[in-house]
Structures are given as C-alpha cells and as structure tokens.
Amino acid sequence: MAAPVAAGEDRVTTDAGRAPPAIELIGIDKSFGPVHANKNVNLRVERGVIHGIVGENGAGKSTLMSILYGFYEADAGEIRINGEPVRIRSSKEAISHGIGMVHQHFMLVYPLSVLDNVMLGAEGGPLLANGANAIRRRLAELGKEYGLEVDPDAIVGELSVGLQQRVEILKALVRGAEILVLDEPTAVLTPAEADQLFEMLRVLKSENKTIIFITHKLREIMSLTDRVSVMRRGEMVATFDTARTSPPELADAMVGRKVILKIDKSEAHPGRVALEVRNLVVRDDRDVVRVNGVSFVLREGEILGVAGVAGNGQSELLEALAGIRPLSAGEILVDGEPLPPAEHNPHAERLIGIGHVPEDRHRVGLVMPFEACESAMLGFHYETVYGRGLLYDRKAIIDDAEHKMEAFDVRPRAPLLKTANFSGGNQQKLVLAREIERNPKIMLVGQPTRGVDIGAIEFIHKRIVAQRDAGKALLLVSVELDEIFALSDRIIVLCGGRITGERRAEDTNAQDLGLLMAGVDERAA
Amino acid sequence: MELFDTFIQIFGSGIRLGVPLILACLAGLWSERSGVVDIGLEGKMLTGAFAGAAFATFTGSAWIGLLAGVTATVVASLIHGYASIDQRANQIVSGTAINMVADGLTALIGNAIWSQGGRTPQLSDTALFNAITLPFAESFGAVPIVGSIYRHLISGHDIVTYAAFALVPLTYWALYSTRFGLRLRAVGENPAAVDTAGISVRGLRYSAVIICGVLVGLSGVYLSLAQAAFFQPHMSAGKGFIALAALVFAKWRPWPALATCLLFGFLDALATRLQGVELPAIGAIPVQAIQSLPYILTVVLLAGFIGKAIPPRASGIPYVKER
Amino acid sequence: MFGRNSNIMTTALFAGGLFTSAAYAADIKPAIIYDLGHKFDASFNEGVFHGAEKFKKDSGVDYRDLEIQNDAEREQDLRKFAKAGYSPIMTVGFSWATALGKVADEFPNTKFAIIDADVDKPNVQSIKFKEQEGSFLVGVIAAKTSKTGKVGFVGGMDIPLISAFGCGYAQGVKYVNDKDEVFANMTGTDFHAWTDPVKGGELAKSQMDRGADIVYAAAGATGQGVLKAAADAGKLGIGVDSDQDNLFPGKVLTSMLKHVDVATYKSFMDAKNGTWKPGLLLLGLKEGGVDYATDEWNKSVLTPEAKAAADAAKADIISGKIQVHDFRTDNKCPV
Amino acid sequence: MSSPLKPLPAWADVALIPLINVAAAFVISGFVVLAIGENPLEAVQILITGALGDLEGIGFTLYYATSFIFTGLAVAICFHAGLFNIGVEGQAYIAGLGAALAALYLGFLPGYSLVVVAIAAAALFGAAFAAIPGYLQAKRDSHIVITTIMFNYIASALMGYLLVDVLRVPGQMNAETPGFSKYAAVPQFHELLAPLGIQWPVTPFNLSFLLALAAALAVWLLIWRTRLGYEVRTVGANATAAIYGGISPSRITIITTLLSGALAGGLAVNVILGQEHRLILEFTGGFGFVGIAVALMGRAHPVGIILAAILFGVLYQGGDELAFDKPKISRDMIVVIQGLVVLFAGALEHMFRRPVSVLLARRTTQPPI
C-alpha cells in the first residue's frame, strides 16, 4: 500500500515552464457556529484533469466547494485561480473567474425551458431575444462538440434527471466555465446515465477543461479521475494519482484509523426470526426507486448492521420498515406473519412492539419546542400511563420522563426544559430512552450517534448491545463504519438500493466493506 | 339586436368594473411571481385611492393625485417587502396587517381632515380622470354591431382604463421577453437557482414589490379618481381579494388574468343589472349568488376540481441561503 | 341651501312655534344620530344636519351629532346619548326602528324621534313622509323635459320605502304621457346599497344606454354616482331628499325635496318650546313635507312649461284631485 | 452570513420582546393621534376613563372582550396546528345563522334549554363552515388562507341573501329576523343582578363572558393537557415528527378547524344571543379579524388571549367614548392600532430581537443560558 502524500503537495514535480494549477486552495478554514466544517484545507488542481474529491458524509467536501463557488466566504485561507490570488465573495465572481458548478440538488427552475434555464444570469442584454438566439446557437455547438444534445425548448421539469444534469453542465459551459465542479453528480443517476455523464466529462477534459468531481463512490473515482483527494472530518488527508492508488487504500484514507470504540460484547445468541423482509421496493418523494428488491432476516438477540454510503437506500429502507414510507412492492413479516397493510403505519407498529430511533432526531425524532417530557412520549402519547381519563396526568408524564432520563443519564435531568436546549448527545439519549424503555421486541435504529460526543457514544452503544443481550432484534443503520463494526453481529451492505453483500462481523474488515459499499459486487470482484 | 345592445352595455359596465381588478391582479402577479405573497392588495388599493383623492382635493390635479396615490402604495408595498424579504416574516400576517392599518388609517385621516366620516369632498372635474371619446365614436357608432362595439366598448373610457389594458401586454412582454422578467419568474420558483447564477434574490424581490406597489396604486387611484369622484372609507369593498382570487384563477399568467378580471367585472355588472329582475324560466336569481361566484369558482379551482392552480413554488417562503 | 325655494312653506309650517318660543324656553340637549351613509351624503342625512344647523342658529341651542359605522353600534350609541341626558334624540332612518324600540322603553323620560319609520312608543315621535307625492312632481317634470320619452329611476335598497319613490315617480311620468317608458333599478338589497356610487353610476349608464335622458336617484350617497353619470353623459339627473341641484350645476334637472331638515328643525324647536308631541307625523305636499327644487342652478334646464305642469299637479294633489298611490299600502304599483 | 444570535433568556422571550412589539404599535398609534392634531395623552385618558371609569364602561369593555376571547381562541387554536384561519369572521357570521334558526324554529323546547340548544347550534354551524376549508386544506391541499378569505365573502353573500330575501319579517324594511323569545337569550348581568339587589347598569355584558372564560380554560386544557392537544401541537411544531409519532396531520387539520369554527361561534353567541336577540346583517363587525391581533398579541396562549382581549375591549369601548368626545379620532383609530399590533407582534416579531439581545449581552456579565 502506497503511503498517502501530504495534502496539497504534488507528487508529480512541476516543470517551471508549466502552466500554474487551475485552482489552488491554501489553508481554507470555515466554521458554522460550533461545527468546524473545514480545517486548514489545502488543495491543488491541475488544469485539464479530472480531480476527484472523496470523503464520507459530513467530511466537508460540499462546504469546501461552496467556498470555491462564493456561496460562503472562508474564515481564513486563500484561493488562487491559474496562479492568481482571488477573492470570491459571490457566485457572480466565481462565474467571472470561469468556475461553474453542478450542485447536488440541481439549481434549476423546473417550469422554465432549457433555454431559459441556461440563459438565466447570462442573458446578454436587457432583452431576451438576441441573447436567446446566441445561446440557442451556442447550445447547438456544445451539443455537437461534447455530445450534450438537449432540446432547448423542452421544459426542464419534464426532463429525466440525467438530462436535467446535462442542462446544469450546459449552464456552466455557456457561461464559459473552464473549471467545472460537480457535487455528487451520480447520486441521482441510473448507472447508464452515470456512464453517459462520464463520457461527457472525458470529452470536456479532452478540451482542456478542469473538472472537480465530488463523490463517495470509489468505483467512480477509479474509473474516471486522474487524481483524487481524500477528505475526512473537515480535513484534507491525502491526494493520490488515481493510477497509483487502489480502492482499499482510498477506503482506508476515507475511514481513517479512528479509535474504534471497544464494546465489551459477548457472543450473540440469535434466536428465531423476528423480522423478515422480502423483495422490498421503496420509492422516495420524487418517485425514484431507492430500495430495489431487498430481502433479509433479522433474528432475536442479534444486531444486524446495514452499512453503506449515505444515500444508497438505507434511509428509505428504515422509513419503510417503520411504517412511515409506503412499500412499492415486497412484504414485511413480523414473527413470521405478514404485516397487514392496515398495520403498516407507525402507530400500529409501535403497538406490536417495533421501536424506531429515526436517523434525524431534529427533523423527525423530537419536537424541538416541546418540553423534554413531551418529546419523551412522542408516539406513545396515547398510552394510559400518561393519564387514564380525558386529561393527561402531568405528574405521570414528568415522572415517566424523569425515569427515562435517569435510566439513560440524560443531562440536565430537567423534564421541563425545552428539548432544543439539550445537547445533541442528550437529545439522542432521550430518543433512545423513549424507544428502549417501552421494551419493543424489534428495534430499528438509524444513525444512533450522529453528532454525538464521545462519552455519549459509548453510553449509547452499551445500551444497544444490552438490548441485544436481552433478546431483542435490532436493525442498525449507520454510515459510520466503525459503529457498524463495534455493534453488529451481522452486516449487510447496501449500494444503489441493493444488497451488495452480507458478512459476519468477525469475518470482515473495513477494506472488504469499503469495496461492497463502493458497489464492487462480490461476485464481480 | 336589443339583446346585443344589452350585452354590449353590460360588457361595457363589466370593463369599467373590471379595471381595478386588472390593475390589482397584475400587481399581485408581479409580487407573487417573485415569491412574495401579497394578501395586502385590498389595503394597498384603499391606500392608493385615499392618497390619490386627498392630493387631488388639495391640488385640484388628477395627475398629482395619481402620483401621490402610487407613492403611498409603493411605501405600503415596501413595508410588506421589508417584512417579507428582510425580516423573513410570515407574509400572510404581514399582508393582514397592511390591510388593517390601511383600512383604519385612510378613514381616520380622511375624517380628521374633512370631518365627513372619512370621505373626501366631491372632486371637481379637473381633479378626475374623465372619459375620453375616441375619434369618430359618434359617427362611426351608428354602424351596427361594429360601430356599437367601438362606441360603447372601446371608446369612452378614461386614461387609467386604457393604461390598464396596455399594461397587460406590457406585463406579458416584460415577463417573457426581458431579462428582468426571466429572472423574476425564476426567483419565484427557485431562488437558490437565481442566487447561484450570481443574481441578487433580494434585489429582484424588492423590484417586484415596488412594481406591485405602482400597479395596485393605479388601481386605487382609479377607484377614487375615475370610477367615483371622491374617496370613501372601505371603498375597495373586497376588490383586492377578488383580484387575488382572479390571480389564482388565472394561474399567475397575464392574459388569463385579464380574461378572469373581465369575467369577474362582467359578473359584477350582471349582478347589478339582475337586481330584482325575473328571468324567464329561472325566476329571480339572487344577486348574491352571482356576486359570490368569483369566490366559489376560486375555491373550486384551488381544490383541484377543475384543473389545479399551482402557485409559484417559492411564493410565501422567505429565502435563506442553505448550507 | 336650507329652505331656498320653500321658505314660505317652512315659515307657514311652524310659524307658531317660532313666535311662541320665548315663553316656554326650556333647556334642552338635542342630539342626532345619522344613518349609515354618512352625514354629508348631500342627501338624506345631510338634510337633517341642515335642519339642526338652522335650529342652532335660530335658537342658540347647540346639539350633538354622531355618525355610526356599522349596524351593530346602533343600540349602544342610542343608549349612550340617552344616558348622557340628551333629549330629544333624532334618529335618522328606518334602520333605527328596532334599536329605538328597545332603548325608548329604558328611558321613558327621554324624547326620541325617528324619520321614515313608525315606532309606537309614548316617548317617540315618528316622522314619515309622502315621498310618492314629491316623486310624482319630479316625474311630471321629467316627462315634460324628456326628449326620448324614456326616463330612469335608480333606487337604493330594494325596500317598500324606495319603491314608493319609484312608484310615485312613475305615476307622475305616466300622468303626463302614458306612452313614456320608465326604467327602474335598485342598487342592492342591504345597507351597502346606500353607499355605492359606482354601482349607482353603472345603473344610470345602463338606463341611458337604453335611451333614458333623465335619471332620478333615490339612493342616499349612491345617488351621487347616478347624478355624476348623467352629468358626464350630457344627460340630466334628478336629486333626492336635499336640494342636489348644485352638485352638477346645469346637469341636475331638479331635486325631490324631502324636508327632513324642516322636520328636524320643528321637532327640536317643539321640544324647546314645550310643544313636542309623540306619535306619528305624516308629512306630504300639503304639510310642506315634500316638494321639488327650483333654484339658480337648475333654472337653465327646468323649462317654464315643465314647472307650470308640476305646479298644477301640486295644486291638484293638495286639493285631492289627484290621488297618488302609496306603494307601501299594498306593495303594488298601479303603473 | 450573520453570526447566529445567542438565545435570549426566557423572560425576555416570553415577556420583554412581545411587550416591546406591542409598545411599538402603541407608540406609532400615538404619533398618528398627534398627526391628526390631538393630544395622545389626553386621548389615552379619555379612552381609559371611558372603558374602565364606571361600571357601565366596564360592562361594555367586558362585552367586547367576550367576543375577542372567542375569536382570539379560534385563531389561536389553529396557530397551534400551524394553520392560519382568516375566516373567523365568516364562521362567526354563519354561526349566528345557526343560533338564529335554533332560536326561531325550536321555540317548543322547554324553558332555557332553548338557549343551550341555540348555543350548540352556533358552535355547530361555525364548525361546519370552518370544516370545509379545513377539509380542502387537509385532503386537497388548497391553501387555507385563500379559501378562508373566499369563505368570508361567501358567508357574507349567503347571509345577505337569507336576511334580505328569506328570514326578513314581511313588510319590515330592515334586513333582520324577528326578535327571539326570552328563552333564547343569554341573560345579561344587569338582569341577573337586579333580583339580588345589585344595581348593575344596563349593558350588553352577558353570561357569554363566563362561557368565554370557560372556553379559554377548555382550550388551555385541550392544548396542554389532552392527547388531542398534544397531537395538535406536534403537527403545528413539526409535521414530520407527527407522522413519525403516528399522528395524521390531515386528521388534525380537520379537527382543529372544526374546533376553531365552533369557537368562532362564540362571537355569535355573545352578540346575537347575548345582546341583539335577533339576527342582523354584519353583526360580526370585523371582530373576527380582531381575533388575529388578539391571538398574536396573546401569543396563542389562553391567558395571553384573555389579557389581550380585555385590552382590545378597552380599546373598543374607550375608543367609542373617544370618538364621541373627539370626533377627529374616529373609531377607525382602533382598527389602526389593531393593524399595527399585527404588524409588530406578528410580521415584524423578530425586528427588535437582535437589538435586544445585543443590549442584554452587553448588560449581563454572564452569557445567558
């Protein structure tokens, strides 16, 4: 395994006469309140190359690119374009420096035509007619030149996602972008569409355009890029020549040698099947299939980890199992009995003993303006524990919350404090307390320690394992590989909505899982 | 022939009653196309009507009245704009506030100045926008049908009415053929797209809010200086809300807005004419039924029973840069 | 403006009161509460105001007045005046009937008066007019003046009172020429009908489009829109209640005078003199309660011929030779 | 990007900011009074004396406050579910129809059971009329703000038709129903107190006031002490969390609008059954819109609403006296104040937040938690 080079250093020695790099980022630093998103980041991108940036979710890739595109201003650091130091305070300035960006969430106006979208901000005068003709011609040229054909009069909202992305690229090119930043461009594409995109990017490269390609899919890095930089926890940790690195090396750099939290975990004694999923198909809000024919079983007394890069269907799987998201196909069996459609909702599932710790406690799991004791009964608020008559028994609610906070060491132990005023870790403990204390036989757990401090992580992990030891069936979804390793007895890996592999925890390692996560199917490998 | 004449007359009346709706509806169109929901049209209309009448009374000039009316509504619009754009307020609450303040303040000041229960004195002819008879209206008017249409429908309106009709193609042109229009349409749908294209969302929205103020000001001035000859409290009588309904009904597009406003004006004229009239085979139609038709139609449309009115996607939502 | 052409009538009507006032002079606190449609509607409410102003000038006794803004305030305001010791309290318009019926009982020592309605209480003076008689006269004038043989009537609220105006008018028109056409429209069915000059104007325009060259408005403040529409179109309007000839000089043919001013003046003066009596007062041509207006503003349009016909009709009505039907007696109009 | 503000201390959030907002509305109102050539201090004095100076003033003040408590609660309960009901005016209007129909056509009911049924009818009609926009919002996704505005006008047209053409007493010129029997009247306090030898001046102040207080208590219990209230607040605060918690937002939307409409019916009870004893045109007099100001000022909390309603009662009654004494300051002044309260306490709610937090941060040595 080749040792990664220090960030920002170039392994290829530059000749004195060669053109300066297209982009140099030097010492970029950016914080959002307590979140340190970019820590002294250095990056050097040569002209005419495809430069990949990989990293796990929240590693700071998007923030870095937003700084480059003038969406945010860095707290410290310098940007150089073609060797010239520049200040980029707005997207307008970024555009004028020849930077174009294709955002993960398209910046398109769906009811407008392709032409209008491309023209927006580059109209070429107060009246549209002249500019429109010029841009129409330019679109035709670009279409021929790069194979980027698209009907200029089509309504963008009616185009396929792949074509919408093409419009985004055309927008940048029409503005004369020499440097194109693509933020997770394949997240929403089908494999065929992705291949088309890669073709386009290669043509662009051949025209001496510089491309920055952000992803967390190693397969794409390997097949497309010339160079690749790895980010982890806000830092730029390594840069490689793609030809001289390998997926395992990249996975290693991405995941890092984190202190794996050791949990004293006895051997699992899986019992009978508590939950079974057969050929599950689930679509997201935009009607895109996100879970595509997933089947697995979950036994009592085991933790089944679902590993995968974020956005590969884990969220939708979890929501579908919890009854929040409808199933497009397939079935769920609880204790061997199919779950009737009438019971496929959160309320009914709680009644039959399925607990759910949602991935996003802010948006889903808690109600921030509520008192902690009120958040601590969400989903169970109908129960008679909280009052038998018409009215709630306030004391019972507070006592119940106090009990939960005690059991899960939620601090401060103040049931009347607003939920929002607790730290992330304590909020998460509150959610876990709520779900675990109700003693469900099946637990669906999503990202249990996201944004949680070290101390709380350990506590939470212990409680999860304790549940397993009590004979519960737990499904754990996490994008943190070390968490998957620390907790799971068995691991399935999701990529592109399909299971790409299943492992016993003791039979695998980060490299192995990294490959599966990157979609390198074990059968193909 | 008599039926035709009656129709022409009711249609003429519908045009006059439709003009304030057209102007207010276009005002709402500009604002909401930019993403700022405006339920304060009613209040702004009153503001414009009052300021227009007040200054026309002081100066005896309709044009100064117009200027004052428009200035006042632009100020009201900017208050709503400040709340909606900079303070990221609930735009419904802000619009409601504008309606209330305008309703009270116009009557209060009017009463304080003229002690006539909030009314301004009857304005003299010079302080009004009077009907303009187009050339040959009388002579050509004798020609059947075409002449009648020319004389009764096309000729004989005031300058604000002609302006209102001219503003529809102008709005259409500005919205669909200019850079500003393109950007405006975009910002009401997806402000982030506009922002990343290097265009100021705030600047666009403030421009739209000012245009809204000018147009709704014209609408108010029309009420007091063309349709009536004075200001009287609450004289907008729900026209701002009808304009809002028309805007929904027209699905935020200029030409359908014109058609809808004319339809609503026509319904109003019809309701007035049918007061106590027994129709053959139907009997007397309650005028209230016709009067509430615009509201009922709008609700039906909103509920998606006849097509679906989808507002500009970002309307009502303050723009916050997201990480 | 007050009593311009009717000074003689007015003086005749309550000369007695005027000359005997000194002897019974008492401290009174008169008050007026106007109807919706505002004090300066140049019509009904304003007439009351002018009567009160004249009373103030002649007697030196000041009065309070108040405009209401919605129906719900009536009772409270009425009670407030009574409570504050005002008497007599003049309520303007039939809409006060219900509220007055209640409040009059609570303040048996307060004198109340109401115009256009009959409230049968021992402390209420009900003043009603024979509007049909005055309307008959302006109908005669309209028929004599019209060139097209078509005249219009725009009423306010669709109620029997306003129909009485319209019916009297139509009788006058037909009296002159049975073939003449009268177009009649009502503005609305609720109290907004009194304050909607735009709608009034639209109705007038529609009648003029159908050939009417004279339009009579009996619609409170709404009538101003009617008169304006007629003036703008180069046609003639006929005003109502107060003398409205001056609103559009030379464009208003005449006004049907309903002497609410005189009635107000008399009621207040009677109270001052101690001769105030409750009960119903029905005022027609004979009593000087209604009339038509002649003055400097309409002399250019009111032809001597038309005036002569009107005066002849007036004499015949007073003598009983012409019986003008009152719509309110049977909710029917004979013409 | 502006730096995130430190959260304000609770007392500032609950009391100081709202107070500053309302104060701003009143200060500007004072300038308006000044601008029309009157002395604001004198105006305030007349206003307060007129509203609270004697028992009669107090009676009227509380009569108005009763209406405002009902409409304020109606608006507030929807706020809790994240809905903006601008249609309280129309719902109350239709509720008046329910009350009147019951009072006029159910006269056979024994004694005062008639008034109880009439009150129920008011609530029922109000609820039914509110439920249509609620249903359309929940099931057809039509924006409740627009539909309730439209429904206000539909209510107005419908009532105009019914009162003019259907319910009016034949031969009567006023568009109103016949008077109700005394058993359909909510007793007024002066009637109740007279047998006890207590002289209370004749005012429309009636037992509906107690009903309003009871409604406020009921709303408080409902919102903060029942399962339904919990679900309402969850939907209002975080609809996604509600779905996660097994709560159906569309069901809650419909239930909340029903309750809101029923509360709006309280306005009809106070005015129609408590005072007018007959159905009249436009008896709602814009009080449904006052409810918006009351709810915003009272921060959607029943106690705050009662206080805000009394303040607006003072404004209405005192404003009446003020308009009487100072004809230049017409009743419209109250509408102006009302609008300014909505502007500052609603739309510009956060305008003073930054300056206040900067000020507090400077003042306090320790950062506020």
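In this predicted model, F112(C) and Y169(C) touch the most other members of the largest nonpolar core, which holds 352 residues. A nonpolar core is a set of buried Ala, Val, Leu, Ile, Met, Phe, Trp, Tyr and Cys residues joined through side-chain atoms within 4.5 Å; buried means under 20% relative accessible area, exposed over 50%, and partly exposed in between (1.4 Å probe, protein chains only). Helix α1 (residues 2-33) of chain B contributes the largest share of this core, 14 residues. Helices (H or I, at least four residues) and strands (E, at least two) are DSSP runs, numbered from the N terminus.

Leaving aside neighbours within four places in sequence, Y169(C) is in contact with residues including F136(C), V138(C), F153(C), I214(C), Y216(C) and I238(C). Contact means heavy atoms within 4.5 Å. A second, separate core of 55 residues includes V102(A), I135(A), Y146(A) and L173(A). In soluble globular proteins, nonpolar side chains tend to be buried together.

The model is predicted: local features need pLDDT of at least 70 and side-chain atom pairs count only at pLDDT 80 or more, whereas totals for chains, interfaces and linings use all residues. Side-chain values use heavy atoms, with hydrogens and water left out, residues are numbered from 1 along each chain as its sequence is written, and chains are lettered from A and ligands numbered from 1 in the order in which they are written.

Among the 5 pairs of chains that touch, B and D have the most contacts. Chains A and C, by contrast, do not touch, and their nearest C-alpha atoms are 39 Å apart. The B–D interface is summarised below.

| Property of the B–D contact | Value |
|---|---|
| Residues from chain B and from chain D | 38 residues (B), 41 residues (D) |
| Buried area | about 3400 Å², 80% of it on carbon and sulfur atoms |
| Salt bridges | 0 salt bridges |
| Polar contacts (both at pLDDT 80 or more) | 3 residue pairs |

Buried area is the accessible area (1.4 Å probe) that two parts lose on being put together, summed over both. A salt bridge is a side-chain nitrogen of Lys or Arg within 4 Å of a carboxyl oxygen of Asp or Glu. A polar contact is a pair of N or O atoms within 3.5 Å; within protein, one must be able to donate a hydrogen and the other to accept it, and residues adjacent in sequence count only if both atoms are side-chain atoms.

On the side of chain B that touches chain D, α4(B) supplies the largest share, 14 residues.
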